[in-house]
Structure formats: structure tokens, C-alpha cells
Amino acid sequence: MVAGEASGDILGAGLMQALRKRCPDVEFIGVGGKRMEAEGLQSSFPLERLAVMGLVEVLGRLPELLARRRRLTAELIAARPDVFIGIDAPDFNLGLELRLRRAGIRTVHYVSPSVWAWRQKRVLKIREACDLMLTLFPFEARFYEEQGVPVRFVGHPLADAIPFQADRALARAELGLPEQGAVVALLPGSRGGEVARLGELFLEAAQRIHAKRPDVSFVLPCASPERRAQIEQMLAGRALPLRLVDGRSHEALAACDAVLIASGTATLEALLFKRPMVVGYRVAPMTYRILRRLVKSPYVALPNLLAQRLLVPELLQDAATPDALAAALLPLLDDGEPQVKGFDAIHRALRQDASVKAAEAILTLVERP
């Protein structure tokens, strides 16, 4: 098993637990983090050596990454495991899977890259590299079926972990938020660049919401001390009933009535907490022009991709203005039920006991002649 970042380490640890329940004597080798190591993985090197984000950063580390993949390929071919499982990290794992499969080792890729949205020709490499693709979402499985790639939809572990109904009053008490009145959560992203592009925008939208609805207060979970300092600088001189909290994004989502949120995986969490949302996002103008040509999907926001319709407003680039964001969110404070019904249906579809389903699919592959 090879995981390339912290989210993969979480998925890998859950999968290892499920595999061990079915096969108590199973052994794990590869690369993982602390969670996977706690489950018994013998990691060839620290997971952090693979956790690189950004084009420039990847280019700077490319010689090391390629060398590590060559050594790991040789180690795994020598070990002859019954199956190799690459967890996300497609740029590293798909090349590794291709070499291992050519050497006669069965390969599984867990968590699909976004081939259905852009760079669709990558599916040709996936078809050659993988004996089985495990997807978190049903629309991904449909795409692979159409492309002739063996696939199994297993559901999403977050859908298993997050309850169908969250206790709003308890979450507000834990975060020190008002018992009465509406609360809007602001989630402008976890990375510095995202907060730089969206932080001021979301705060200005919040001011417009508060001007229309003085009873509304706000909560903003900060992903790190650096992001908190960034937001505090943006807040200077603003009169806004806003509470900053360190981390605790799940508690913030449980506590709120609606969410103004950046496009990304956090939208899935908001969906699972059944909180009506408006999605806003901005990228560099050149990046946006390139992506408009490359991206094939009619939607950007994950809830809309899952619903296969415009379930939540998504305001992108020049359309994402403070006035437009506020105007889209305000009605949700009084009537977000249509969104909530759609979210509930998606939550139930994604709650599949993902780790168990993934383990069953992998063991079926291993037992196949």
C-alpha cells in the first residue's frame, strides 16, 4: 500500500482494519503515515516525502520522487505482494502501478483522480495500470464503466463517520456561539492562496448579509495558525459579529444554519452535515481561462456533481462578488430545505461502509484465478 498524503493515510488505516478482520494474518508493506504504521504497515520511507503540492514544488523535488519510485518498485517486485493498493496520489502511484502490473502483480487504485472532469486521456493509462479502480462517488464508477475499466463504487468514509443529523445546539455551546439567531459559517479554504483570494470576498459578503439581517452571526474555522493570522489581518477595522475558531470545522458546520464555502472537499463535509450552502471560488485569471478549455464537467461544486444537477449555487471568478454571494445565501437562512433534502439523499447513497466494501473488492480480486 502506498499513500501520498494525510487524507490517504486515514483511508489506508481504515482499509487495513477492514482487511485484517477478514484476514488476521495479513502483512502490509509500502508507504504510509502514522495511522497506517499504527495498523502494522512497515513504511519504506516517511509519507511526508511524497506530500508535495504545487507545480514549482513538485519540479524541485522531481529527481527525489523519481528515485524513490524506482527503489520502491524494485522492493515491491522483489517482495511479490498478493496485491498492491495505491491510495490517491495518482501522479506517483499510477506509474508505480503500471510497472508492478507489468511485473505480474495485481494492482488496485483507491480514490479516482478527476479524469471525468479534465485530462480524460489519463483513463488510458489507468486502464493499463489497474486491475481494479475503487471510487468514492457513483458518478466516477459510471465513467469508468463506460471506459472499460474494472471498477467498484465503495462509498465515502466521511459519509460513514458523520451522523445523518448533527446536534446544532450542542455544537453552538461547544464553540461559544449564540443560542438564538442564525449562524453562517465562512469557509474560504485551508491554503494561503485560497484565503488570499477569497477571505476578503467572503468577509465583505458577510457584512452585506449582516446589514440585511442584523440577527445573523458568523463563525470561521481557521485551518492553521498561519491562516488565522491571515484572517485577523483582513478583519482589522471591520465591525462584524464573527468568531474565529482553530480547526474544528466539523463543529462549525454542525453549529451553523448556512455556509459560504470555497469549492473543494469541504463542500462534501457541509453536504453531509446537511447545511445549505453557496459555493464561491476564484483562481488566477490565466488559470481560469485554461481550466475553462480543459474541464469537461458542467459543474464545479462537488454537491452538484453528485446530484448531477444545479443543487447549490456556484459563483465562480467574476460572478463571485460580495453582493452576488450575499444575495444567494440570504434566502437559504429562511428556506434551505430543498438543498437539505438533496443532501440527505446523497448522504444515504454514499454511506456504504466504505472500508469494508473496499476490502471485500480487493480480496475478491486477490482470490480470482
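**Exercise 1.** Work out how the lining of the second largest pocket divides into nonpolar, polar and charged residues, and which elements supply it.

*Solution.* The lining holds 15 nonpolar residues, one polar and four charged, where Ala, Val, Leu, Ile, Met, Phe, Trp, Tyr, Cys and Pro count as nonpolar, Asp, Glu, Lys and Arg as charged, and the others, Gly among them, as polar. The model is predicted, with local features needing pLDDT of at least 70 and side-chain atom pairs pLDDT 80 or more, while totals for chains, interfaces and linings use all residues. Residues are numbered from 1 along each chain, and side-chain values use heavy atoms, without hydrogens and water.

Next, α3 (55-79), β4 (84-87) and α17 (354-367) each supply at least two lining residues, and the largest share, four residues, comes from α17.

**Exercise 2.** Check whether the span of helix α16 agrees with its number of residues, and establish where its buried residues lie around the axis.

*Solution.* Helix α16 (residues 337-350) has 14 residues and should span 20 Å at 1.5 Å a residue, a value with which the 20 Å between its end C-alpha atoms agrees; the expected span is 1.5 Å times one less than the number of residues.

The buried residues (under 20% relative accessible area, 1.4 Å probe, protein chains only) of α16 are Gln339, Val340, Gly342, Phe343, Ile346, His347 and Leu350. They cover an arc of only 160° around the axis, which puts them on the same side of α16, the arc being that of the directions from the helix axis to the C-beta atoms.

Finally, the face turned away from this buried side carries Pro338 and Lys341, which are exposed (over 50%).
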